[in-house]
Amino acid sequence: QLVESGGGLVQVGGSLRLTCAASGRTFSSYAMGWFRQAPGKEREFLGGTIKSGSSTYYPDSVKGRFTISRDNSKDTAYLPINNLPPEDTAVYLCAADQSLHTLVVVNPDFWGQGTQVTVSS
């Protein structure tokens with residue numbers, strides 16, 4: 001099970017740190033990723049980390065904006081978001097898969113329910 005938290009209403013330029021807490025399986029056996037889905041738009045991949053957390057991958061579209069991390073001792077992944085613009089308003093979801101490649105290219109095995117981030121101007 002994956003449970004996201006940390007979303008909410010924030011003003012333009014503000015910051016949040018989203019958290020994805022995992023339970024029920026060995027967290028360190030899974031690559032983790034973050035996605036978001038804005039109203040009327042396709043789901044967007046934001047980045048992912050391999051099982052150990054020693055390597056991350058970001059698509060060119062968001063490179064430099066996000067820094068994904070994980071703490072395997074806490075079964076938790078993190079997505080800090082800084083300097084939020086209104087277009088970052090979306091539901092943010094974490095996902096897990098045994099392969100980072102599969103997570104990015106195909107479809108992750110496991111999804112959280114998402115946490116809403118709303119950026120107000």
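1. In this predicted model, the side chain of Glu 4 reaches the backbone nitrogen of Gly 114 at 2.8 Å. The backbone nitrogen of Cys 94 is likewise reached by the side chain of Glu 4, at 2.8 Å. Glu 4 is found in strand E1.

2. Where does the nearest side chain of opposite charge to Glu 4 lie? That side chain belongs to Arg 43 and is 10 Å away; Glu 4 is buried and has no salt bridge. A salt bridge requires a side-chain nitrogen of Lys or Arg within 4 Å of a carboxyl oxygen of Asp or Glu, and the 10 Å to Arg 43 leaves Glu 4 without one. Leaving aside residues up to four places away in sequence, Glu 4 touches Thr 19, Cys 20, Trp 34, Tyr 92, Leu 93, Cys 94, Gly 112, Gln 113, Gly 114 and Thr 115. Cys 94 and Gly 114, whose backbone nitrogens were named above, are among these contacts.

3. Asp 97 is another acidic residue to inspect in the model. Asp 97 belongs to strand E9, which spans residues 90-97. Asp 97 is buried but has no salt bridge, and Lys 51, the nearest side chain of opposite charge, is 8.1 Å away. A polar atom of the Asp 97 side chain lies 2.9 Å from the backbone nitrogen of Ser 99. With residues up to four places away in sequence not counted, the contacts of Asp 97 are Tyr 30, Ala 31, Thr 102, Leu 103, Asn 107, Pro 108 and Asp 109.

4. The next point concerns charged pairs. Side chains of opposite charge can pair when their charged atoms come close. How many salt bridges does a search of the whole structure find? The search finds 4. Arg 36, Glu 44, Arg 65 and Asp 88 are linked in a network of such bridges.

5. Within this network, Arg 36 forms a salt bridge with Glu 44, the closest N and O atoms being 2.8 Å apart. Arg 36 is buried, with a relative accessible area of 11%, whereas Glu 44 is partly exposed, at 24%. Arg 36 also meets the side chain of Asp 88 in a salt bridge, at 2.8 Å from N to O. That pair links distant parts of the chain: Arg 36 is in strand E4 and Asp 88 in the loop between E8 and E9, 52 residues apart. Both Arg 36 and Asp 88 are buried.

6. Asp 88 has a further salt bridge with Arg 65, in which the closest N and O atoms are 2.7 Å apart. Arg 65 lies in the loop between E6 and E7, and Asp 88 in the loop between E8 and E9, so this pair ties together parts that are 23 residues apart in sequence. What are the relative accessible areas of Arg 65 and Asp 88? Arg 65 is partly exposed, with a value of 31%, while Asp 88 is buried, with a value of 2%.

7. Strand pairing around E5 is as follows. Strand E4 (residues 31-37) and E5 run antiparallel and are joined by 5 bridges. Gly 33 stands opposite Gly 48 in E5. E4 and E5 form a hairpin with 6 residues between them, and Gly 40 in the turn has a positive phi of about 75°. On E6 (residues 56-57), E5 has an antiparallel partner joined by 2 bridges. Gly 48 stands opposite Tyr 57 in E6. The hairpin of E5 and E6 has 6 residues between the strands, and Gly 53 takes a positive phi near 85° there. Of the 6 residues of E5 (residues 44-49), 5 are buried, so the strand is largely enclosed by the rest of the structure.

8. The final point concerns an open sheet. Its 4 strands follow the order E1-E3-E8-E7, with antiparallel pairing. Strands E1 (2-5) and E7 (69-71) stand at the edges with a single partner strand each, so one side of each is left without a neighbour in the sheet. The twist averages 20° from one strand to the next. E7 and strand E8 (residues 76-81) run antiparallel and are joined by 3 bridges. Within this pairing, Tyr 78 in E8 is the bridge partner of Ser 69.

Conventions. Residues are numbered from 1 along each chain as its sequence is written. This is a predicted model: local features need pLDDT of at least 70, side-chain atom pairs count only at pLDDT 80 or more; totals for chains, interfaces and linings use all residues. Side-chain values use heavy atoms; hydrogens and water are left out. Buried means under 20% relative accessible area, exposed over 50%, partly exposed in between (1.4 Å probe, protein chains only). Lys and Arg count as positive and Asp and Glu as negative; His and the chain ends are not counted. A polar contact is a pair of N or O atoms within 3.5 Å; within protein, one must be able to donate a hydrogen and the other to accept it, and residues adjacent in sequence count only if both atoms are side-chain atoms. Contact means heavy atoms within 4.5 Å. Two strands pair if DSSP finds at least two bridges between them. Axes are lines fitted to C-alpha atoms, for helices over the stretch in contact, and angles run from 0 to 180 degrees between N-to-C directions.
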